[in-house]
Every structure is written in structure tokens, then in C-alpha cells.
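Me: I have a structure on my screen and would like to talk through how its helices pack. Could you take a few questions, one at a time?

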Amino acid sequence: MTWWPLIKVLPQKTNFSFVKYARLAAALSIVLCTASIIGCFYPGLNMGIDFRGGASMEVFKPAGQSINAEAIRTAVAGLDIGDVGVQGIARRDSNIDDGSTAIVRFQVPEGRDQTAVVSSVQSAINQAVGQVSYSGVEVVGSKVSGELFTSGLLALGVAIALMFAYIWFRFEPQFGFGAVAGLLHDVILTFGLIVLFKLEFSLNMVAAILTVIGYSMNDTVVVFDRLRENLRKYKTMPLREVIDLSLNETLSRTIITGVTAVMVLAALAFFGGEALFGFSIALMFGIIIGTYSSIYVGAPIILLWGVKRGELAEDAKPVKLGMASRP
């Protein structure tokens, strides 16, 4: 049918020169990663209750009756228990933000009884805004929060190490190094996003970063599989051209998969409420940046290192970016 090509979004074959812009992309990645690392220390991560210790609870009135968030903040801050945060959210039963529901977050000072602190906070809220109902009360001690933070970082480190071992075993050392460089790039920039938009860093965010690592590795393996196949197939083709060919051959699959995942996460961010918003945003960013790192982090490292062309071929000499000769 003559109209069929009009509905095709992606061409069946592309011929982009990805390697041509590898130096520019590397400079951009270095700047962004450096800024992200600095941002993790200053101003630092916005630690959630899971990692800094404290409590959170939902405060709500019947539908249609608004809650004075400022009055709650003033009343709880008067108890001298540390940082206090009050944020309006949508009602769970209708998913509509009519001002009748809010989340209250506050710290529990070390050495004080957690139950007593929560009770005093609830009494202060009742005096400030009248009788309200509570749900979803969560309390995390400072010692437990420190252990959770250490365990979360350890989980990220172990995940990256296992991915490196898997890629090294399946391909070659340079593939493994390229994959791990891409994973570190994705994790660091995701932390940068969390700092930039002041997203709450909680256990949900650790889960999001672990998911980003898995998605990025899956995308990298697809590219590396095609690259290994083409290295055996085109033994005389310059390495930079083989890399460009492999990236172009997997581009449509990468874009379709990424766009599909981003669409689902966009719906989750919109309808999932406050609890899943940061998780969804971090995942969407991770999927986009994971696709970028497969093209402009992992592949260029292989170009610089050099690879073997099949089992009987000699080592391909490392080629400097932008300096390869063409036949």
C-alpha cells in the first residue's frame, strides 16, 4: 500500500557517524559527571526518612475540607525536633488533590522515644488544624537509617561488579571495562539528576538506580553482541566503521524499546502519586542516559583499546578517535 511508508517513524536503515562525535560526547560526559559528583557533597543529597532517620505520616480530613499546611509546619517546628516538611498530595481514594491530604515528615531526635515524639507531633497537629486522621505512619531510627544507607551503596557497588564479571566472561576485558564505564556514567548522572531536582533519596531511589543499571547493561549487551558479530564478519573494515555499523543496526531496536519504557514510566509518574514520582523520573532519565552511554561511552572505549577480529585474527590496533583512515 502506498500509504504504509507514511506511518513508519523510524527508517529501516540508518547511517549515522556516531564515532565522529565521540570526543565531544566524552568531554560533555566528563563535565556532567564531575558536576554530579560535586553536587552529591555540596549541596548534597536530599536524604529521605529511610536514610536520615525520622518519621512520616499522612494527615487527612474528609473530602472537600482543606488542611492548612503552614499551620501544621509551624506547630510541628515548635516542638524543636529538627527539620519539618509538609506537602499536599492527592487523596488515595480519588487521586484528586483537593487540599484535604498532606504528608508530614519530621526528624526523631536521637535518644528520644520514637512513639512519644510521634504522639506529640499528632497532638500539635490536632491543636493547630483541628481533628484529623492519620495513616501510613513510618518511623526509622538514626542507627537503622545509617545501616540502610551503607547497604544501599553496597548494593549498587556489588551490582556493578557483577555486571563487569558477566561482560568480561561473555566477551573480552575491554568490553567489560567499556560496560562498567557506561554503568558508572549512568549511575553518577542519575545521582546528579537527584541532586539537581532535589528528589528525595530513599530506598525507592536505590531500587530505581539498580533498575537503571540492569536496563543499561541489557542495552549494552545488545550493542556488544552485534559488534562482536560484525568484527568476525568484516575483518578488514576499520574498527570505527564497524562500531558505527553495529550502532546503526541496533538503533531502531534501542529507540523503540526506550520509548516504550519511557511512555510507561511517564504514566506511572503522572498517576502514581508522590511516592512513585521520584522513582519514575529517575528511571526515565536512566533509560535515556543508558542509551546514550551505550553509544558514546562503552563503544568508544573499545575503539581506543582495540579488539581481536575473530579467533584467528591478529589484534586490531587501537585507533585514535577522529584519526582512523578509511579504505
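Me: At roughly what angle do the axes of helix α1 and helix α6 cross?
Reply: Happy to help, and do keep in mind that this is a predicted model. Helix α1 covers residues 22-44 and helix α6 covers residues 173-196, and their axes come within 8 Å. The crossing is left-handed. The angle between the axes is roughly 50°.

Me: Is that arrangement of α1 and α6 parallel, perpendicular or oblique?
Reply: Angles under 35 degrees count as roughly parallel, and 65 to 115 as roughly perpendicular. The value here is roughly 50°, in neither range. That makes the pair α1 and α6 oblique.

Me: How many nonpolar, polar and charged residues does the contact of α1 with α6 have?
Reply: On the α1 side, the contact includes Leu-32, Cys-33, Ile-37 and Pro-43, along with Ser-29 and Ser-36. From α6 come His-185, Ile-188, Leu-189, Phe-191, Gly-192 and Val-195. By class, that gives nine nonpolar, six polar and no charged residues.

Me: Which residue does a cis peptide bond join to Pro-43?
Reply: Pro-43 lies in helix α1, and it is one of the residues that touch α6. Most peptide bonds are trans. Here omega is about 10°, and the partner in the cis bond is Tyr-42.

Me: Where is Lys-198, the residue other than glycine with a positive phi?
Reply: Most residues other than glycine have a negative phi. Lys-198 has a phi near 55°. Its place is in the loop between α6 and β6.

Me: Is the crossing of α3 and α4 left-handed or right-handed?
Reply: Helix α3 (residues 69-77) and helix α4 (residues 114-129) have axes that come within 9 Å and cross at roughly 135°. The two are therefore oblique to each other. As for the hand, α3 passes α4 in a crossing that is right-handed.

Me: Which residues of α4 make the contact with α3?
Reply: The α3 side supplies Ala-71, Ile-72, Ala-75 and Val-76. By class, the contact has nine nonpolar, no polar and no charged residues. The α4 side supplies Val-121, Ala-124, Ile-125, Ala-128 and Val-129.

Me: How many charged residues are in the contact of α7 with α8?
Reply: The axes of helix α7 (residues 203-233) and α8 come within 9 Å and cross at roughly 140°. That makes α7 oblique to α8, and the crossing is right-handed. Among the residues that meet are Asp-219 and Arg-226 in α7 and Glu-249 and Arg-253 in α8. Alongside 10 nonpolar and seven polar residues, the number of charged ones is four.

Me: On which residue is the kink in α8 centred?
Reply: Helix α8 runs over residues 239-271, and its 33 residues reach 46 Å from the first C-alpha to the last. That span is close to the 48 Å expected at 1.5 Å a residue. The kink is about 45°, and its centre is Leu-251.

Me: What phi does Gly-273 take?
Reply: Gly-273 comes just after α8. The sign of its phi is positive, and the value is about 80°.

Conventions:
Residues numbered from 1 in each chain as written. Predicted model: local features only at pLDDT ≥ 70, side-chain atom pairs only at ≥ 80, totals over all residues. Heavy atoms only, no water. Helix = DSSP H or I, 4+ residues; strand = E, 2+ residues; numbered from the N terminus. Expected span 1.5 Å × (residues − 1). Bend = angle between axes of the 7 residues up to and from the residue. Axes fitted to C-alpha atoms, helices over the stretch in contact; angles between N-to-C directions. Parallel < 35°, antiparallel > 145°, perpendicular 65-115°, else oblique. Left-handed = near helix turned anticlockwise from the far one by under 90°. Contact = heavy atoms within 4.5 Å. Nonpolar A, V, L, I, M, F, W, Y, C, P; charged D, E, K, R; others polar.
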